[in-house]
Amino acid sequence: CADGRHVTVTATEPRTWAALCDALGDPSLAGHRLGVDDDEPVRRRLTELFLTKPAGDWVAHPGLAGGGGPVNDADDLVDDPQVTDRGSLVALDGTDTRVLANPLRFHRAPGDRASHATSSPPALGADTDAVLGEAGFDDDERAALRASSVIA
C-alpha cells in the first residue's frame with residue numbers, strides 16, 4: 001500500500017472478486033481472475049491500485065469489509081484489541097515484559113483459564129551446570145567445556 005504496509009484480501013469466488021475490483025475502483029478487472037487468466041498484468045494492476053492509499057484506508061474501505069485485513073507486525077499485535085481482550089500476552093512478575101500466554105483455554109477452569117509461566121526465564125547459562133551435572137558431566141568436564149568456550 002502507499003504507506004509500505006500490506007493488507008490481505010480474500011476474493012476467491014467470481015462474486016467476491018468482482019466486489020473487490022469494484023472497491024478498488026477498477027471493475028474492468030472482474031473478468032480477469034488471478035490463477036485463472038494471465039496473472040502478471042492483473043498483479044501489476046492490483047499493485048498500482050493498492051499503492052494509491054495507505055493500508056488503514058483499504059482496511060476501513062466498506063467494499064473490503066469482511067474480506068480484507070491488515071498484515072500486522074509484532075508491534076501492532078502488542079496492543080491489538082483481540083490480543084488484549086483474550087489475555088494473549090501476560091506480564092512477567094515484577095516487569096513490564098509481556099510474553100505469549102498459553103493459547104489453550106479450558107471452559108470452566110479457574111482463573112484466566114490458561115496456564116502460563118509468569119516468572120522470567122533463567123539468565124543465559126544459569127542452569128548449565130545443573131543440567132550438565134544431571135547428564136553425567138563432572139566438574140572437570142564442565143570446566144573443560146567452559147575453557148574451550150563450548151558453554152558460557
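**Exercise 1. Which side chain meets D26 in a salt bridge, and what is the N to O distance?**

Keep in mind that we're working with a predicted model here.

*Step 1: find the partner.* The side chain of D26 pairs with that of R45, at 2.7 Å from N to O. The general idea is simple: side chains of opposite charge can pair when their charged atoms come close.

*Step 2: place both ends.* D26 sits in the loop between α1 (14–24) and α2 (39–50), while R45 belongs to helix α2; the two are 19 residues apart, so this pair links distant parts of the chain.

*Step 3: check accessibility.* The cut-off for buried is under 20% relative accessible area. D26 comes in at 11%, so D26 is buried. R45, at 29%, counts as partly exposed.

*Step 4: look around D26.* The D26 side chain also has a polar contact with the side chain of S28, at 2.4 Å. Skip residues up to four places away in sequence, and D26 touches C21, R45 and L49.

**Exercise 2. Find the salt bridge between R45 and E48 and work out how the two residues are placed in helix α2.**

*Step 1: get the distance.* The closest N and O atoms of R45 and E48 are 3.0 Å apart.

*Step 2: count along the helix.* R45 and E48 are 3 residues apart in α2, which means about one helical turn separates them.

*Step 3: check the partner.* E48 has 45% relative accessibility and counts as partly exposed.

**Exercise 3. Take the R98 and D79 salt bridge and say which parts of the chain it ties together.**

*Step 1: get the distance.* For R98 and D79, the closest N and O atoms lie 3.8 Å apart. The cut-off is within 4 Å, so this pair counts as a salt bridge.

*Step 2: place both ends.* R98 is in strand β4 (residues 98–100), and D79 is in the loop between α4 (74–78) and α5 (81–86), so the bridge ties together parts 19 residues apart in sequence.

*Step 3: check accessibility.* R98 is partly exposed at 41%, whereas D79 is exposed at 59%.

*Step 4: zoom out.* Searching the whole structure turns up 10 salt bridges. D129, D139, R142 and R146 are linked in a salt-bridge network.

**Exercise 4. Work out where the buried residues of α1 and α2 sit around each helix, and what covers them.**

*Step 1: list the buried residues of α1.* These are W17, L20, C21, A23 and L24. Looking down the axis of α1, they fall within an arc of 160°, so they line one face of the helix.

*Step 2: check the opposite side.* On the other side of α1, P14, R15 and D22 are exposed.

*Step 3: find the cover.* The elements covering the buried residues of α1 include β1, α2 and α3.

*Step 4: repeat for α2.* D39, V42, L46, L49 and F50 are buried in this helix. They span an arc of only 95° around the axis, which puts them on the same side of α2. Their cover includes β1 (7–9), α1 and α3 (55–60).

*Step 5: check the helix length.* α2 has 12 residues and spans 16 Å from first C-alpha to last, close to the 16 Å expected at 1.5 Å a residue.

**Exercise 5. Describe the largest nonpolar core and identify where its largest share comes from.**

*Step 1: size and hubs.* This core has 15 residues, and the ones with the most contacts inside it are W17, L20, L24, L29, L46, F50 and W58.

*Step 2: sort by helix.* α1, α2 and α3 each supply at least two residues of the core. The largest share, 5 residues, is from α1. As background, nonpolar side chains tend to be buried together in soluble globular proteins.

*Step 3: follow one hub.* Leave aside neighbours within four places in sequence, and L29 is in contact with W17, C21, V42, R45, L46 and L49.

**Exercise 6. Inspect the backbone just after α1, then both ends of α7.**

*Step 1: after α1.* G25 comes just after this helix and has a positive phi of about 90°.

*Step 2: start of α7.* D138 caps the N-terminal end of α7 (residues 139–147), with a side-chain oxygen 3.0 Å from the backbone nitrogen of D140.

*Step 3: after α7.* S149 follows this helix, and its phi is positive, near 60°.

Terms used: Residues are numbered from 1 along each chain as its sequence is written. This is a predicted model: local features need pLDDT of at least 70, side-chain atom pairs count only at pLDDT 80 or more; totals for chains, interfaces and linings use all residues. Side-chain values use heavy atoms; hydrogens and water are left out. Helices (H or I, at least four residues) and strands (E, at least two) are DSSP runs, numbered from the N terminus. Buried means under 20% relative accessible area, exposed over 50%, partly exposed in between (1.4 Å probe, protein chains only). A polar contact is a pair of N or O atoms within 3.5 Å; within protein, one must be able to donate a hydrogen and the other to accept it, and residues adjacent in sequence count only if both atoms are side-chain atoms. The expected span of a helix is 1.5 Å times one less than its number of residues. The arc is that of the directions from the helix axis to the C-beta atoms. Contact means heavy atoms within 4.5 Å. A nonpolar core is a set of buried Ala, Val, Leu, Ile, Met, Phe, Trp, Tyr and Cys residues joined through side-chain atoms within 4.5 Å.
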